[in-house]
Amino acid sequence: MSAFKDAGHLLRFAGLFVLAFIVFLVVRRFVVPKSFGEYGHYRGAAIAEIAAHPAQFAGHQACEACHSDIADAKSKGKHAHVNCEACHGPQLKHADDPSSGVPPKPDTATLCVRCHAASAARPKDFPQVDAVAHANGVPCETCHKPHDPALGAGGTQ
Amino acid sequence: MKISRRQMLILLPAAAIAWEHVMAGTPEAAPNYAMSEHWWSMLIDIPKCIGCGNCVRACQAENDVPDGRFRTWVERYHVHDEDMMNPEVISPDGGKEGFPSVAKEDSGKYFFVPKLCNQCVDSPCTQVCPVGATFVTPDGVVLVDQKYCMGCAYCVQACPYGCRYIHPQKQVADKCTLCYHRITKGLTTACCEACPTGARQLVDLKNPNDPIHEFLRTHPVQILKPQMATGAKVYYHGMDGSVR
């Protein structure tokens, strides 16, 4: 029995170990978020938090519900598939509460050329103009209606 | 009141269950949205992209992306006929304000390549995270838990597509969420909403009525860097072999 002569401090050490393990379990219980592991090795609640981020773009369906006149005109023209907020910018605040403010009129001097300025880098079948030669400083909207822009054979004007 | 040993044995688990309930809190379920019914991705139709930068600006407005960082950006490729291997690629300010015009006389071909997180299934970025702060959701979107992220930037280095950055103010990893806050509410992403030509389309691979299924049946598509085996699921249609 000489091997177990001093078993006392081994037992105390084992006790300490068990105690530390219990403390570990208790601490872990409190510091690991409840939803950790809900779907995988991450905090499940993070998904709902990210989904709660506020939006800025209302989506064209929202605009069309109130501005049906413009939506109708646009749907017959060449800009049918260009969404309202592609030109007017994010307008969720306005769509949720129109009295909160009227969206500013887009500046056609910079707006139209962003898409239509002639460049050999653009797809060949996309309508492009050399703004200077084409309009010579005359605002685009004097000739083209932004919501139904085509003139001539392809237009509805 | 005296509690016997037997009563104590019954009371303890009951208390544990009650505590469990308190800790769990109330789940913030998004109404009518079941993660298991979706598998999100995007289709990029390169021949339709006109390089207007609408998507980049929309993304920055929608997601408060800091200046000089990009969750999505557009690259312009210029490939010379005799040198497929070395395209000239530019992306001034991520293509946010468009690209300089090119005169007709220039040789070679040009095209635009919009880039964003590829929402990989076997994403290297989630695998290297030491704390479980980035993950693939059950509906197929790679997200960052910014409360858990400690900003070590392993994931930024791991992404073979360069889609992540450290947020300069928050000092945590940040990336495209595929507008998770929009797609879970039935809206499309900000970049798709702002794209004038349909060059970017949100797709739900689990929705049998999504036009993507017909598109994939009838068009050749590619993913970026398939040799990396990342399980990327942003599909590119009409992509030139020089794109990296």
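**Fold of chain A and the setting of strand 11 in chain B**

Read along its sequence, chain A of this predicted model follows the pattern α-α-α-α-α-α-α-α, with 8 helices and 0 strands (DSSP runs numbered from the N terminus, helices being H or I of at least four residues and strands E of at least two). The radius of gyration of chain A is 33 Å, well over the 15 Å that the globule rule gives for 157 residues, so the chain is more spread out than a compact globule; the radius is taken over C-alpha atoms, and the rule is 2.2 Å times the number of residues to the power 0.38. Along the principal axes, the C-alpha atoms of chain A fill a box of roughly 110 × 40 × 25 Å. Of the 157 residues of chain A, 23% count as buried (under 20% relative accessible area, with a 1.4 Å probe and protein chains only).

In chain B, strand 11 (residues 234-237) is covered on both faces, with V234(B) and Y236(B) buried on one side and Y235(B) and H237(B) buried on the other. Strand 11 pairs with strand 1 (residues 40-45) of chain B in the parallel sense over 4 bridges, pairing requiring at least two DSSP bridges between two strands, and I44(B) stands opposite Y236(B). Strand 10 (residues 221-222) of chain B runs antiparallel to strand 11 and is joined to it by 2 bridges, with H237(B) as the bridge partner of V221(B).

Residues are numbered from 1 along each chain as its sequence is written, and chains are lettered from A and ligands numbered from 1 in the order in which they are written. Local features need pLDDT of at least 70 and side-chain atom pairs count only at pLDDT 80 or more, while totals for chains, interfaces and linings use all residues, and side-chain values use heavy atoms, with hydrogens and water left out.

Definitions and conventions. Buried < 20%, exposed > 50% of the residue type's maximum accessible area, 1.4 Å probe, protein only.
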